[in-house]
Amino acid sequence: MRIGIFGGTFDPVHDGHVNPVARAAERFGLARVIWIPARVSPLKGAPPTDARHRVAMVALAIDGRPDWVLSFDELDREPPSYTVDTLSALSARFLRDELWLLMGTDALAGLRMWKDPEEIVRLARIAAFHREPFVGQGLAIPEVAGLQNRLEVFDGGSFKISATDLRTDLARGGSPAGRVPGPVAEYITKHRLYRGVEG
Ligand code: ATP
């Protein structure tokens, strides 16, 4: 079976994550999607919000989708969280399955900076969704050996939402409603997350 892998800092998880992943699952027939919150992203540094909250929000966002599961693999491992290590562990666990790594095209563009990108591409096929409306040009595919044959780029629906913008708005007293799943919005409000913390 095909298993989707979707990692991120999810600080917070938002509709720009949930909706493209739902489209990917349908389009590529992913029987399961494993959501993997990062402990410390090697490229972004320490995420500002406690993992306990980020995990709780992902759990709320995927609730009601029995085919989506939450993984603690990266949170349980010593940082930094390298995707290649996560994929190695998963491929040993799911020997008969095909792994599909899901990401936005902004993440794809930086793939060469990740640890061991060739091994990543060997371990998983990659499905990348456009983050901005796709205008039919200008997507630079990084030069990673083997990538061309293992890559699918598709329209994930283009949700112009970023966690950074969300945090900035919330710090200024804005509401998360309409940009995150309803239960996640309630969680953010209840726990007063991102209040007065810009960036
Ligand atoms: P920030 O804005 O702080 O960088 P982010 O939401 O981009 O936050 P992550 O939670 O690490 O950061 O993102 C996880 C994955 O989701 C990445 O592959 C990223 O490309 C993708 N992604 C994030 N936002 C969108 C969006 N609006 N549309 C499509 N993909 C997105």
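In what sense, parallel or antiparallel, do S5 and strand S6 (residues 151–154) pair, and over how many bridges? I looked this up at the start: S5 and S6 pair in the parallel sense, over four bridges. I note here that the model is predicted.

**Entry 1: the sheet**

I then traced the sheet as a whole. It is an open sheet of six strands in the order S3-S2-S1-S4-S5-S6, and the pairing is parallel. At the edges I found strand S3 (68–70) and S6, each of which pairs on one side only. I also looked up the turn between neighbouring strands, which is 25° on average with direction ignored. As background, I recorded that the strands of a sheet pair through backbone hydrogen bonds, in a parallel or an antiparallel manner.

**Entry 2: strand S5 and its partners**

I went through the two sides of S5 in turn. With strand S4 (residues 98–104), S5 pairs in the parallel sense over five bridges. Two of the residue pairs I noted are Met103 with Ala128 of S5 and Leu102 with Ala127 of S5. Towards S6, I found that Ile126 has Leu151 as its bridge partner.

Is S5 enclosed or open to its surroundings? I checked the strand residue by residue. A residue counts as buried when its relative accessible area is under 20%. Five of the five residues of S5 (residues 125–129) are buried, and the strand is therefore largely enclosed by the rest of the structure. As to direction, Arg125, Ala127 and Phe129 point one way from S5, while Ile126 and Ala128 point the other way. Both sets are buried, Arg125 included.

**Entry 3: the ligand and its shell**

I next listed what lies around the ligand. It is surrounded by 21 residues, and the closest are Asp106, Arg131, Phe159, Ile161 and Thr164. By class, I recorded eight nonpolar, nine polar and four charged residues in this shell. Elements that each supply at least two residues of the shell are strand S1 (2–8), helix H1 (15–28), S4, helix H5 (105–109) and helix H7 (163–171).

Which backbone atoms does the ligand approach? I wrote down three distances. A nitrogen atom of the ligand is 3.4 Å from a polar backbone atom of Gly16. An oxygen atom of the ligand is 3.0 Å from a polar backbone atom of Gly104. For Ala163, a polar backbone atom is 3.2 Å from an oxygen atom of the ligand. On its own the ligand has 610 Å² of accessible area, of which the protein covers 90%.

**Entry 4: the backbone between S1 and H1**

I turned to the loop between S1 and H1, where Phe10 lies. Phe10 has a positive phi of about 50°, although it is not a glycine. At 2% relative accessibility, Phe10 counts as buried. Pro12 has its place in this loop between S1 and H1, and the peptide bond leading to it from Asp11 is cis, with omega near 0°.

**Entry 5: other backbone features**

I looked up a further cis peptide bond, from Pro79 to Pro80, with omega near -5°. Pro80 sits in the loop between helix H3 (73–76) and helix H4 (83–93).

Finally, I examined Tyr194, in the segment after helix H8 (182–190). Its phi is near 65°, a positive value in a residue other than glycine. Is Tyr194 buried or exposed? I recorded 5% relative accessibility, so Tyr194 counts as buried.

Definitions and conventions
Residues are numbered from 1 along each chain as its sequence is written. This is a predicted model: local features need pLDDT of at least 70, side-chain atom pairs count only at pLDDT 80 or more; totals for chains, interfaces and linings use all residues. Side-chain values use heavy atoms; hydrogens and water are left out. Buried means under 20% relative accessible area, exposed over 50%, partly exposed in between (1.4 Å probe, protein chains only). Two strands pair if DSSP finds at least two bridges between them. A residue is near a molecule or strand if one of its heavy atoms lies within 4 Å of it. A polar contact is a pair of N or O atoms within 3.5 Å; within protein, one must be able to donate a hydrogen and the other to accept it, and residues adjacent in sequence count only if both atoms are side-chain atoms. Accessible areas come from the Shrake-Rupley method with a 1.4 Å probe; for residues, only the protein chains shown count as cover. Ala, Val, Leu, Ile, Met, Phe, Trp, Tyr, Cys and Pro count as nonpolar, Asp, Glu, Lys and Arg as charged, and the others, Gly among them, as polar. Axes are lines fitted to C-alpha atoms, for helices over the stretch in contact, and angles run from 0 to 180 degrees between N-to-C directions.
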